[in-house]
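Visitor: I'd like to learn how to read a fold and a binding site from coordinates. Could you walk me through one?

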Amino acid sequence: MSQLIEQLQWRYATKKMNPAKAVPQEKVDRILEAVRLTATSSGLQPYEVILVTNKEVREKIKAIAWNQAQVTDGSHLLVFAAWDNYTAERINAMFDLTNSERGSTNEGFEAYRQKLLSLYPPRPAEENYAHAARQAYIGVGTALIAAAAEKVDSTPMEGFDPAALDEILGLKARGLRSVVIMPLGYRADEGDWLVNQKKVRRSRKDFVTEVR
Ligand SMILES: Cc1cc2nc3c(=O)[nH]c(=O)nc-3n(C[C@H](O)[C@H](O)[C@H](O)COP(=O)(O)O)c2cc1C
C-alpha cells in the first residue's frame with residue numbers, strides 16, 4: 001500500500017481529541033501551506049483560512065457548533081471562509097498579482113481576465129458565493145490530506161451556525177462567509193466511539209465507472 005493510502009486509512013473524522021496535546025506550530029504551518037498551494041478555479045483563491053487558537057473564542061464557537069468538543073479539545077481551529085461575492089476589484093487584484101509576480105503580461109491571460117470580469121460580477125452574489133465556497137471545499141480536502149500526512153487528527157465540520165460564526169469572527173465586514181471549520185489535534189486515548197470502527201466506503205465498482 002502506498003504511504004498516502006495508509007495515511008488516508010489512518011485518518012478519520014476524530015470525535016474526541018486530547019485537550020492536553022497540542023499540534024506543533026510547524027505542522028500547522030505545513031498544513032496551511034498545502035491549502036495555500038492547492039488549486040482554485042481560475043487561480044482566484046476566493047476564500048481565506050482563519051486560524052483560531054484563542055480559547056475563549058473557540059469556546060464561543062463551540063457553543064454555535066452543536067457543542068462539538070473537538071472545537072476546544074483540539075489545539076487549533078481552521079475556519080474556511082469564502083468570498084461573499086466576486087467583484088471586479090477582487091478579480092483584478094489576483095490578475096495584477098500574477099502579472100507582477102511573473103514580471104510579464106500576456107494577451108491570452110488579459111483576455112481571460114476580461115472574460116471573468118464580464119461573467120462573474122454581474123451574477124447574483126449568492127451564485128458567486130456558492131462558486132467560491134466550492135473552492136473552499138477543495139481547500140478542506142487538501143487540509144484533510146495534509147493533516148493525515150503530518151499524523152495530525154482533524155474533523156471537517158459543517159455542523160455549526162455560519163451566520164453566528166461570521167458574527168463572532170467579524171467576517172461579514174471583510175466580505176467573507178464561513179463554509180467549513182476544522183479542528184486540528186490528537187485523538188484521545190479513550191472516549192472516541194469512532195476510532196476503532198471500520199472505515200466504510202462503497203466498493204470501487206460502485207464508486208468508479210470505467211468508460212473504456
Ligand atoms: C463537509 C463535511 C462536513 C462534516 N461535518 C461534520 C461535523 O459537523 N461533525 C462531525 O463529527 N463530522 C463531520 N464530518 C465528518 C463525516 O461525517 C466523515 O468524514 C464521514 O462520515 C466519513 O468518515 P471518516 O472521515 O471518519 O472516514 C463532515 C465531513 C465533511 C466532509
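Visitor: Let's go straight to the strands. How many bridges join E1 to strand E2?
Guide: Pairing is read from bridges, with at least two needed before two strands count as paired. In this predicted model, E1 and E2 (residues 76–83) run antiparallel and are joined by six bridges. For one concrete rung, take Leu51, whose bridge partner in E2 is Leu78.

Visitor: And what order do the strands take in the sheet?
Guide: Follow the pairings from one strand to the next. Here you get E1-E2-E4-E3, an open sheet of four strands with antiparallel pairing.

Visitor: Why is one side of E1 and of E3 left without a neighbour in the sheet?
Guide: Count partners. Strand E1 (47–52) and strand E3 (153–154) each have a single partner strand, so they stand at the edges with one side unpaired. As for what packs on the sheet, helix H2 (residues 25–37) does, touching E1, E2 and strand E4 (176–185). The direction of H2 makes about 170° with that of E1.

Visitor: Which residues does Lys27 of that helix contact, beyond its neighbours within four places in sequence?
Guide: Skipping those neighbours is the trick for seeing the fold rather than the helix. Lys27, which sits in H2, is in contact with Glu150, Val152 and Tyr186. Sequence separation tells its own story: Lys27 and Ala146 are 119 residues apart along the chain, yet their C-alpha atoms are 9.2 Å apart.

Visitor: How far apart in space are Leu169 and Tyr186?
Guide: Compare the two separations again. These two are 17 residues apart in sequence and 25 Å apart, C-alpha to C-alpha. Leu169 belongs to helix H8 (residues 162–169). Not counting residues up to four places away, Leu169 touches Ile50, Val52, Val57, Ile61 and Val79.

Visitor: Zooming out, how many helices and strands are there in the protein chain?
Guide: Nine helices and four strands. Read from the N terminus, the elements go α-α-β-α-α-β-α-α-α-β-α-β-α. The C-alpha atoms fill a box of roughly 60 × 50 × 30 Å along the principal axes.

Visitor: Now the ligand. Which residues come nearest?
Guide: List the shell, then look at its makeup. There are 14 residues around the ligand, and Ala13, Lys15, Gln68, Lys199 and Arg201 come nearest. By class, the shell splits into six nonpolar, three polar and five charged residues.

Visitor: Which ligand atom is 3.1 Å from a polar backbone atom of Pro156?
Guide: Look for N or O pairs within 3.5 Å. For Pro156, the ligand atom is a nitrogen. Side chains take part too: an N or O atom of Arg11 is 2.8 Å from a ligand oxygen, and a polar side-chain atom of Arg201 also lies 2.8 Å from an oxygen of the ligand. As for cover, the ligand on its own has 620 Å² of accessible area, and the protein covers 66% of it.

Note on methods. Residues numbered from 1 in each chain as written. Predicted model: local features only at pLDDT ≥ 70, side-chain atom pairs only at ≥ 80, totals over all residues. Heavy atoms only, no water. Near = heavy atom within 4 Å. Polar contact = N/O pair within 3.5 Å; in protein donor to acceptor, adjacent residues only side chain to side chain. Areas by Shrake-Rupley, 256 points an atom, 1.4 Å probe, with all protein chains shown as cover. Nonpolar A, V, L, I, M, F, W, Y, C, P; charged D, E, K, R; others polar. Helix = DSSP H or I, 4+ residues; strand = E, 2+ residues; numbered from the N terminus. Contact = heavy atoms within 4.5 Å. Axes fitted to C-alpha atoms, helices over the stretch in contact; angles between N-to-C directions.
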